[in-house]
Amino acid sequence: MDRQTQLAREHRERQEERAATKRPSKRNTIIGAGVGVILVAGGIIAATTLMGGEDDTVAPGAAPGPSASAGASPPAALPIPTTDPGQAGPVSCEYRKDDSGSPEKNVGKPPSKPNTKLKTMTLDTNQGQIVIELATAQAPCTVNSFAFLAKKNYFDNTRCHRLATVETTGLGMLQCGDPLAKGDGKSKDDGTGSPGYLFGDENLGGIPYTRGTVAMAQGGEDANSNGSQFWISFSDENIQLASAGAAYTPFGVVTKGMDVVDKIAKGGIIPFGGDPLSDVRGEGSNAPKLPVVIKNVTLR
């Protein structure tokens with residue numbers, strides 16, 4: 001067993017011991033503890049702590065690199081496939097009750113028949129507008145869920161609660177969609193909020209987790225447990241998630257507003273409990289120092 005694997009195994013065992021005595025896991029948190037920075041034989045490796053059972057897995061790869069520069073647009077090489085990769089006949093979506101004990105804002109369940117004609121999702125925030133081209137054919141049930149919640153004003157006046165930066169976690173992403181989050185870097189419950197239902201993964205591997213990608217958030221060992229939380233990538237460093245075997249449904253690409261995301265990222269973090277590594281340890285979320293409030297979500 002090499003040193004890297006041994007460290008991951010030992011860390012997993014410690015997390016499992018702690019999980020037995022802690023409150024219910026953060027089911028809807030992507031990388032609830034983020035991607036940590038671990039020193040190994042004088043080098044640095046990225047270790048993804050995928051919360052949801054608080055499991056730690058080590059992502060093979062190099063040290064974290066620099067974040068994307070502010071004002072840059074998403075790379076052109078982020079195509080959304082124009083063909084349906086396997087859907088045969090009418091799509092029927094299944095949404096099951098979230099029985100994890102997570103705090104929830106329950107507005108009902110989406111219809112089983114999705115609207116497959118939706119093309120864009122617009123986030124109107126206090127920091128600016130973000131427009132996302134949707135991969136509706138590849139992730140119809142995910143898009144259907146967002147359309148339903150948006151019509152119920154579920155996301156209105158909610159706060160993006162987590163900012164993961166390459167410097168602190170090895171990833172670059174803004175996480176939103178927890179209807180109860182305070183986004184102040186103080187609340188341990190940030191990242192646990194749920195719409196009261198869960199649904200399966202879609203389009204895995206269909207869009208890389210590179211800059212501009214928008215994907216669902218869920219616990220690392222909670223496959224097919226998507227709720228309402230999602231993340232926006234502002235760094236190509238996130239491709240290491242796929243290398244680590246992580247599975248987060250990618251359902252769109254930002255076509256307008258990456259400058260807004262970059263501004264938020266450049267603003268820095270409010271470290272949870274004053275310690276940026278608290279996020280890595282799964283104790284709480286590092287919040288964006290620049291407050292991000294979603295005023296409205298529209299799908300067309």
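The following exercises, with worked solutions, concern a predicted model.

**Exercise 1. Disulfides**

Determine how many disulfides the structure holds and which cysteines are paired.

*Solution.* Step 1: the structure holds 2 disulfides. Step 2: C93 is joined to C141, with an S to S distance of 2.1 Å, and C160 is joined to C176, their sulfur atoms also lying 2.1 Å apart. Step 3: with the bonded cysteines of the protein chain numbered in sequence order, the pairing reads 1-2, 3-4.

**Exercise 2. The link of C93 and C141**

Establish the handedness of the link of C93 and C141, the parts that this pair ties together, and whether C93 is buried or exposed.

*Solution.* Step 1: the angle about the S-S bond is -90 degrees, and the link of C93 and C141 is left-handed. Step 2: C93 lies in the loop between β3 (55–59) and β4, while C141 belongs to helix α2, so the pair ties together parts 48 residues apart in sequence. Step 3: a residue counts as buried under 20% relative accessible area. C93 has 5% relative accessibility and therefore counts as buried; C141, at 12%, is likewise buried.

**Exercise 3. The link of C160 and C176**

Carry out the analysis for C160 and C176, giving handedness, location and burial.

*Solution.* Step 1: with 95 degrees about the S-S bond, the link of C160 and C176 is right-handed. Step 2: C160 is in the loop between β7 (158–159) and β8 (162–164), and C176 is in strand β9 (residues 173–176); the pair links distant parts of the chain, 16 residues apart. Step 3: C160 is buried because its relative accessible area is 3%, and C176 is buried because its value is 1%.

**Exercise 4. Nonpolar cores**

Describe the largest nonpolar core, and state which helix gives the most to this core.

*Solution.* Step 1: the largest nonpolar core has 41 residues, and those with the most contacts inside it are M121, F230, F251 and L299. Step 2: helix α2 (residues 140–151) gives the most to this core, contributing 7 residues. Step 3: a second, separate core has 10 residues, among them Y209, A215, L241 and A246.

**Exercise 5. The setting of S102**

Locate S102, decide whether S102 is buried or exposed, and identify its side-chain partner in a polar contact.

*Solution.* Step 1: S102 is found in the loop between β4 (96–97) and β5 (120–125). Step 2: its relative accessible area is 10%, so S102 is buried. Step 3: the side chain of S102 makes a polar contact of 2.7 Å with the side chain of S100.

Key
Residues numbered from 1 in each chain as written. Predicted model: local features only at pLDDT ≥ 70, side-chain atom pairs only at ≥ 80, totals over all residues. Heavy atoms only, no water. Helix = DSSP H or I, 4+ residues; strand = E, 2+ residues; numbered from the N terminus. Buried < 20%, exposed > 50% of the residue type's maximum accessible area, 1.4 Å probe, protein only. Polar contact = N/O pair within 3.5 Å; in protein donor to acceptor, adjacent residues only side chain to side chain. Core = buried A, V, L, I, M, F, W, Y, C linked by side-chain atoms within 4.5 Å. Disulfide = S-S within 2.5 Å.
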